[in-house]
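Work through the following exercises with the sequence and the model side by side. Each task is followed by a solution that goes step by step.

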Amino acid sequence: MPLTKNTVLAATEQGLAVFRHFLKDPQGLEEGRPFKNPFYDDKRASCHVYRDKPSGTYRLIDFGDSDYHFDCFGLVGQIFHLNCTERSDFKEILRIIDRELGLGLQSLGERADEAYHDLQAARVPVQRASDVPPLNLRPANEDPLKAFRQPVTRKMNAEELKFWQAYGIDESVLALYRVGAVDEFASTTKDGREYVLKATELEPIFV
């Protein structure tokens, strides 16, 4: 499912879930009772979250300060200092909502594409290995084989391959370095507790 304004609204009860999350569900939000504006030292509770009849979306209004009148996207923009009218800022607002509320609307391929474009925009200089000072590693105090369990690798699916392709890495390179995907990774902590990390579409695991 693509990450758009409409898909976010559909997944958040027309924005109400976003207000609940970022406003920490202030008392009276559900009942329509007023609450203090969290963006300044509000002395009187004059904020309301209401459903706008023409659009069907939820909006916030502060009767004490008319500058505070926006929908859920405007709320996130206010919190993270982003401008809803700027295309790049609005896309970042969508990503923040998707990530913070765990909506899972953005696919692994889309995340990989954005990571690639971010790297291109940053133009991070490439360093040679000889230019990097050597690491001073301390000797291990325990046998890692006692805690480590060799994960079972599998062939990567199309979405996982697309993640690597965004960085210019194809199947032949992955095969050369014996990189594979795993469904879960299990190990043991220093105090003997077992734990398991499971791969998901948004958070794959490679070894």
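**Exercise 1. Describe the surroundings of Asn-37, beginning with what its side chain reaches.**

Step 1. The side chain of Asn-37 reaches the backbone nitrogen of Phe-39 at 2.8 Å, and a polar contact, again of 2.8 Å, joins it to the side chain of Asp-62. A polar contact is a pair of N or O atoms within 3.5 Å; within protein, one atom must be able to donate a hydrogen and the other to accept it, and residues adjacent in sequence count only if both atoms are side-chain atoms.

Step 2. This is a predicted model, in which local features need pLDDT of at least 70 and side-chain atom pairs count only at pLDDT 80 or more, whereas totals for chains, interfaces and linings use all residues. Residues are numbered from 1 along each chain as its sequence is written, and side-chain values use heavy atoms, with hydrogens and water left out.

Step 3. Asn-37 is found in the loop between helix H2 (16-22) and strand E1 (47-51), where helices (H or I, at least four residues) and strands (E, at least two) are DSSP runs numbered from the N terminus. Asn-37 counts as buried because its relative accessibility is 2%; buried means under 20% relative accessible area, exposed over 50%, and partly exposed in between (1.4 Å probe, protein chains only).

Step 4. With its neighbours within four places in sequence left aside, Asn-37 is in contact with Asp-42, Cys-47, Asp-62 and Tyr-68, contact meaning heavy atoms within 4.5 Å.

**Exercise 2. Establish how the strands E1, E2 and E3 are arranged, and which helix packs on their sheet.**

Step 1. The three strands form an open sheet in the order E1-E2-E3, with antiparallel pairing; two strands pair if DSSP finds at least two bridges between them. E1 and strand E3 (69-71) are the edge strands, each pairing on one side only, and the twist from one strand to the next averages 20°.

Step 2. E1 and strand E2 (residues 58-62) run antiparallel and are joined by five bridges; Val-49 has Leu-60 in E2 as its bridge partner.

Step 3. Helix H3 (residues 72-80) packs on the sheet, touching E2 and E3, and its direction makes about 110° with that of E3. Such angles run from 0 to 180 degrees between N-to-C directions, the axes being lines fitted to C-alpha atoms, for helices over the stretch in contact.

**Exercise 3. Examine H3 from its N-terminal cap to the residue that follows it.**

Step 1. Asp-71 caps the N-terminal end of H3, with a side-chain oxygen 3.1 Å from the backbone nitrogen of Phe-73.

Step 2. The buried residues of H3 are Cys-72, Phe-73, Gly-74, Leu-75, Val-76 and Gly-77, and what covers them includes H1, H2, E2, E3 and H4.

Step 3. His-81, whose phi is positive, near 55°, follows H3.

**Exercise 4. Which residues of the largest nonpolar core touch the most other members, and which elements contribute to this core?**

Step 1. The core holds 25 residues, of which Phe-19, Val-49, Leu-60 and Phe-73 touch the most other members. A nonpolar core is a set of buried Ala, Val, Leu, Ile, Met, Phe, Trp, Tyr and Cys residues joined through side-chain atoms within 4.5 Å.

Step 2. Two or more residues come from each of helix H1 (5-11), H2, E1, E2, H3 and helix H4 (87-100), and H4 gives the most, with five residues.

Step 3. Beyond its neighbours within four places in sequence, Phe-73 has contacts that include Val-8, Leu-9, Phe-90, Ile-93 and Ile-97.

Step 4. A second, separate core of five residues includes Leu-161, Trp-164, Leu-174 and Ala-181.

**Exercise 5. Classify the ring pair of Phe-163 and Trp-164, and decide whether each residue is buried or partly exposed.**

Step 1. The structure holds nine aromatic pairs. In this one the ring centres of Phe-163 and Trp-164 are 5.7 Å apart and the planes stand at 90°, so the pair is edge-to-face. Rings of Phe, Tyr and Trp (its six-membered ring) pair if their centres lie within 6.5 Å; planes under 30 degrees apart count as stacked, over 60 as edge-to-face and the rest as tilted.

Step 2. Phe-163 counts as partly exposed at 21% relative accessibility, whereas Trp-164, at 18%, counts as buried.
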